[in-house]
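User: I am new to reading protein models, and I would like to understand how words such as buried, exposed or oblique are justified. Could we go through some examples together?

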Amino acid sequence: MHAIEIRGAGGPEVLRWSEVDDPQPVAGEVVVDVAASAVNRADIQQRLGFYPPPPGAPAYPGLECSGRISAVGDGVTDWKIGDEVCALLAGGGYAEKVAVPAGQLLPIPEGVAIEEAAALPEVACTVWANVFMTAHLSPSEVLLVHGGASGIGTFALQLANAYGARVFCTARGSKLEKCRLYGAERAIDYNEEDFVQVVKENTDGHGADVVLDTIGAKYLSRNVDVLATSGRIVTIGLLGGAKAELNLGALLVKRASITGTTLRARPVVEKSIIVQDVREHVWPLIDAGRVRPVVDRALAMQDAAEAHRVVEASDHVGKVLLVR
């Protein structure tokens, strides 16, 4: 089969469509013939040499895919050859085939094309695990999402809105209107406005109960400032740096918490729990059309280098797909 290999850390040009060995399913796994994958920031970090795959994962990138099952390993009873699925991966989605633990599979939702479904597993599992399983966002609470126009952002806006939360986000320029379309009560231009002031003004001084943070160090102190009493910050990205000074006194006064999480390196059993929770709580909303995948564009998998350029430039809204 063929896959996108990373030929040394560097720019998008190090991504090469190469012939590699076919994956073989071990017990508890299936092999999926990939219809599409999607580009995530973690893929770019891996290409740059900063985010190696966990032990046992394929060396080539791709944290999600959609396709059809072509082989089933021992002990798999819930899935069969020919089933159309999408999957959360530890790597290997930029390929013609990938082996997947059966617990990380999801059915293609109603009304979603098989290629389009590749935009769902990573964002759905990330948002559900962090905003709902970790931060326990409740209906009528206030969620602030940084990077509202990203793949994670557009999904978080829709899902939190569907669960009855008030949703604010940061974005820029022409992306602000798109964020409002996906459920943001107020989309805040981070180049021109202070998100702390805007959120507090629009919540009668209450602030945000939950902050979904992809920025990290650059926003740390202001994220604490915007928090409501008993607020929760969940940091899932470090686009604005990894090190910052924290006023613990402000955190104590608000009885607040900060949690840092990643998804990729979690054990299979933890990922399977998240995936099954997503299937139970999120998939019905997608089936009903209340939450939808947001796809900016689809490129051929052999054009992965161009897809990485698009994502690095942050000119997209939602997900960039790689299709076969």
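**From values to words**

Analyst: Let us begin with Val275 in this predicted model, a residue that, apart from its neighbours within four places in sequence, is in contact with Leu88, Gly103, Gln104, Leu105, Leu106 and Cys125. Val275 belongs to helix H8.

User: What makes Val275 count as buried or exposed?

Analyst: The relative accessible area of Val275 is 0%, and buried means under 20%, so Val275 is called buried. In H8, Lys271, Ser272, Ile274, Asp277 and Val278 are among the other buried residues, and what covers the buried residues of this helix includes strand E5 (84–88), strand E7 (105–107), H2 and helix H9 (283–287).

User: How do you know whether the length of H8 agrees with what is expected of a helix?

Analyst: H8 has 14 residues, and the expected span at 1.5 Å a residue is 20 Å, while the distance from its first C-alpha to its last is 20 Å, close to that expectation. The step behind this expectation is that 1.5 Å is multiplied by one less than the number of residues.

User: Why is the arrangement of H2 and H8 called what it is?

Analyst: The axes of H2 and H8 (residues 268–281) come within 9 Å and cross at roughly 90°. Angles from 65 to 115 degrees count as roughly perpendicular, and H2 and H8 are therefore described in that way. Their contact is made by Ala124, Cys125, Trp128, Ala129 and Met133 of H2 together with Ile273, Ile274, Val275, Asp277, Val278 and His281 of H8. By class, this contact of H2 with H8 has nine nonpolar, one polar and one charged residues.

User: What makes the pair H2 and H3 parallel, perpendicular or oblique?

Analyst: Helix H2 (residues 121–134) and helix H3 (residues 151–162) pack at an angle of about 60°, with their axes 9 Å apart. Roughly parallel needs an angle under 35 degrees, and roughly perpendicular needs 65 to 115, so H2 and H3 are called oblique to each other. The crossing of H2 and H3 is also right-handed.

User: Which residues meet where H2 packs against H3?

Analyst: From H2 come Val123, Ala124, Thr126, Val127, Trp128 and Phe132, and from H3 come Gly151, Ile152, Phe155, Ala156, Leu159 and Ala160. Sorted by class, the contact of H2 with H3 has 10 nonpolar, two polar and no charged residues.

User: What makes H3 a mostly covered helix?

Analyst: Of the 12 residues in H3, 10 are buried, and on that count H3 is mostly covered. The buried residues include Gly153, Thr154, Leu157, Gln158 and Ala162. As for its length, the 12 residues of H3 should span 16 Å at 1.5 Å a residue, and the end C-alpha atoms are 17 Å apart, which agrees. H3 is followed by Gly164, whose phi is positive, near 90°.

User: Why is the phi of Ser140 worth pointing out?

Analyst: Most residues other than glycine have a negative phi. Ser140 is not a glycine, and yet its phi is positive, at about 80°. Ser140 is placed in the loop between H2 and strand E8 (142–146). Its relative accessibility is 57%, and because exposed means over 50%, Ser140 counts as exposed.

User: How do you know whether Asp204 is buried or exposed?

Analyst: Asp204 has a relative accessible area of 79%, which is over the 50% cut-off, so Asp204 is exposed. Asp204, which is not a glycine, has a positive phi of about 55°, and its place is in the loop between helix H5 (195–202) and strand E11 (208–213).

User: Why is Val20 called buried, and what is Gln24 called?

Analyst: Val20 lies in the loop between E2 and E3, and Gln24 is placed in the loop between strand E2 (15–19) and strand E3 (29–38). The relative accessible area of Val20 is 13%, which is under 20%, so Val20 is buried. Gln24, at 60% relative accessibility, is over 50% and therefore counts as exposed. Not counting residues up to four places away in sequence, Val20 touches Met1, His2, Ala3, Glu5 and Tyr60. With neighbours within four places again left aside, Gln24 is in contact with Glu29, Val31 and Ala99.

Conventions:
Residues numbered from 1 in each chain as written. Predicted model: local features only at pLDDT ≥ 70, side-chain atom pairs only at ≥ 80, totals over all residues. Heavy atoms only, no water. Helix = DSSP H or I, 4+ residues; strand = E, 2+ residues; numbered from the N terminus. Buried < 20%, exposed > 50% of the residue type's maximum accessible area, 1.4 Å probe, protein only. Contact = heavy atoms within 4.5 Å. Axes fitted to C-alpha atoms, helices over the stretch in contact; angles between N-to-C directions. Parallel < 35°, antiparallel > 145°, perpendicular 65-115°, else oblique. Left-handed = near helix turned anticlockwise from the far one by under 90°. Nonpolar A, V, L, I, M, F, W, Y, C, P; charged D, E, K, R; others polar.
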